[in-house]
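Trainee: Could you take me on a close look at one part of this protein, the place where helices pack against each other? I would love to hear how that part connects to what lies around it.

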Amino acid sequence: MENRRNILMDCDPGIDDAAALCVAAAHPEAFRILGISTVAGNQTIETVTENALRLTQFFGLDVPVAQGAKVPLTRPAKTAADIHGKNGLGDVEIPKTDRKAVSDNAVVFLRDQIMGLPKGERVTLVPTGPLTNIALLLKVFPEVRERVEEIVLMGGGACKGNVTPVSEFNIFADPEAASIVFESGLPVVMCGLDVTGKCGVDRETAKELAGSGKKIARAVGSMIQFYLNSPAYRNRPAAYVHDAATFLYLLHPEIFRGERMPVSVDCSDGITRGMTICDARPTRPEGEYHTLVLLDADEKKFLEYLVEAVHMLDARLDG
Ligand code: BDR
Ligand code: CA
């Protein structure tokens with residue numbers, strides 16, 4: 001167990017946040033989850049926090065959950081109920097829990113978890129929602145910086161958008177926060193739309209999972225089917241399980257390809273607000289770029305490892 005990574009996940013569950021957490025829960029040999037913080041994004045802060053609490057119990061994780069930012073740094077919050085459903089989890093009912101959030105101040109919670117680590121240990125931050133909490137953490141408690149090994153986030157795109165032609169949801173939701181994170185100088189792995197476009201679950205696989213007699217497979221498969229039935233996926237063969245790219249990258253970096261490059265975020269009010277500007281020019285200035293932009297993944301392997309994680313978790317919880 002010594003080689004496990006310390007993990008703090010910051011999320012807005014969210015169908016694909018749930019799938020990401022399922023992957024993490026399936027691999028206790030790789031991840032030591034110190035806690036989960038929530039941020040308003042796919043749904044309101046109250047809903048995503050309730051979802052995180054229910055999911056930890058459902059996935060057999062005994063980890064604290066802290067509630068985070070209700071709104072982005074400078075703008076009102078916008079949800080994505082059209083894609084994630086009224087309950088944020090594709091209207092799939094995850095059993096209720098008595099668990100309560102340990103704090104309603106995720107930024108202090110994250111600081112305490114990080115600074116409480118034994119000397120010499122560091123943490124990997126895995127944000128899969130808007131970056132509001134993480135930006136506040138880095139600004140308010142800069143002492144955490146040296147204890148952060150890397151930030152493996154889902155967000156952005158080198159050449160793609162989903163909310164606008166050029167902006168991805170998590171970054172568009174709070175570009176000011178995203179800018180703070182990308183400008184922080186900390187090592188960042190950006191799992192953006194270029195790579196998550198290769199991280200799909202096809203209709204057949206989703207149906208098989210949903211029809212399984214096993215509770216994790218049934219829930220994950222049914223959530224992905226909700227995605228596939230949403231207007232965003234009409235006539236498309238597969239649904240992207242964006243957030244799961246983060247933990248699958250940590251588990252299997254060999255199936256991903258990326259390039260280090262400078263990334264800046266457009267915080268203007270223009271039509272490119274929220275765009276992650278990735279400088280892939282061969283003529284860009286030379287430098288040690290701290291952001292690895294993932295650009296490609298082995299689609300078949302991604303699906304294989306995702307499905308494997310779902311079945312592994314079912315088997316462990318059954319036994
Ligand atoms: C991202 O936006 C959210 O809707 C998903 O959970 C994912 O984090 C994809 O653009
Ligand atoms: Ca998310």
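Mentor: Helix α4 and helix α5 cross in a right-handed way. Keep in mind as we go that this is a predicted model. Two packed helices are described by the angle between their axes and the distance between the axes. Here, the axes of α4, which covers residues 106-115, and α5 come within 9 Å and cross at roughly 60°. That angle makes α4 oblique to α5.

Now let's see which side chains do the meeting. On the α4 side they are A106, V107, L110, R111 and I114, and on the α5 side N133, I134, L136 and L137. Sorted by class, this contact has 7 nonpolar residues, 1 polar and 1 charged.

Stay with α5, since another helix packs on it too. Helix α7, residues 175-182, has its axis 8 Å from that of α5, and the angle between them is about 50°. These two helices are therefore oblique to each other. The handedness of this crossing is left-handed, whereas α4 and α5 make a right-handed one. From α5 come T132, I134, A135, L138 and K139, which meet A177, I180 and V181 of α7. In this contact there are 6 nonpolar residues, 1 polar and 1 charged. Try finding I134 in the viewer: I134 takes part in the contact with α4, and I134 is also listed in the contact with α7.

Next, go back to α4 and look at what touches it from a strand. L8 lies in strand β1. Leaving out residues up to four places away in sequence, L8 touches L34, G35, F109, L110, Q113, I114, V123, T124, L125 and V126. You have met L110 and I114 already, as α4 residues in the contact with α5. Is L8 buried or exposed? L8 counts as buried, because its relative accessibility is 1% and the cut-off for buried is under 20%. For a sense of scale, L8 and D269 are 261 residues apart in sequence, and their C-alpha atoms are 32 Å apart in space.

Follow the chain on from β1 and you come to a metal site. Which residues coordinate the calcium ion (ligand 2)? They are D12, D17, T128 and D243, at 2.2 to 2.6 Å, with D17 listed twice through OD and T128 giving its O. Along the sequence, these donor residues are spaced D-x4-D-x110-T-x114-D. D12 sits in the loop between β1 (5-11) and α1 (15-26), and T128 in the loop between β4 (123-127) and α5 (132-140), so this pair ties together parts that are 116 residues apart in sequence. Both D12 and T128 are buried. That brings us back to α5, since the loop holding T128 is the one between β4 and α5.

The loop that holds D12 has something else to show you. Most residues other than glycine have a negative phi, and most peptide bonds are trans. The peptide bond from P13 to G14, however, is cis, with omega near -5°. G14 is found in the loop between β1 and α1. Just after it comes I15, whose place is in helix α1. I15 is buried, with a relative accessible area of 2%. Setting aside neighbours within four places in sequence, I15 is in contact with I83, H84, G88, L89, G90, M223, I224, F226 and Y227.

Finally, look at the loop that comes before α4. D91 has its place in the loop between α3 (81-84) and α4. D91 is not a glycine, yet its phi is positive, at about 55°. With a relative accessible area of 42%, D91 is partly exposed. A second residue with a positive phi that is not a glycine is N235, with a phi near 65°. N235 belongs to the loop between α10 (215-229) and β8 (238-240). At a relative accessible area of 75%, N235 is exposed.

To retrace the walk, start at α5, find α4 crossing it at roughly 60°, and then find α7 packing on it at about 50°. After that, let the loop between β4 and α5 lead you to T128, one of the residues that coordinate the calcium ion (ligand 2).

Methods. Residues are numbered from 1 along each chain as its sequence is written. Chains are lettered from A and ligands numbered from 1 in the order in which they are written. This is a predicted model: local features need pLDDT of at least 70, side-chain atom pairs count only at pLDDT 80 or more; totals for chains, interfaces and linings use all residues. Side-chain values use heavy atoms; hydrogens and water are left out. Donors are N, O and S atoms within 2.8 Å of the metal (3.2 Å for Na, K and Ca); water is not among the atoms, so sites may look incomplete. Helices (H or I, at least four residues) and strands (E, at least two) are DSSP runs, numbered from the N terminus. Buried means under 20% relative accessible area, exposed over 50%, partly exposed in between (1.4 Å probe, protein chains only). Axes are lines fitted to C-alpha atoms, for helices over the stretch in contact, and angles run from 0 to 180 degrees between N-to-C directions. Angles under 35 degrees count as roughly parallel, over 145 as roughly antiparallel, 65 to 115 as roughly perpendicular and the rest as oblique. A crossing is left-handed if the near helix is turned anticlockwise from the far one by less than a right angle, and right-handed if clockwise. Contact means heavy atoms within 4.5 Å. Ala, Val, Leu, Ile, Met, Phe, Trp, Tyr, Cys and Pro count as nonpolar, Asp, Glu, Lys and Arg as charged, and the others, Gly among them, as polar.
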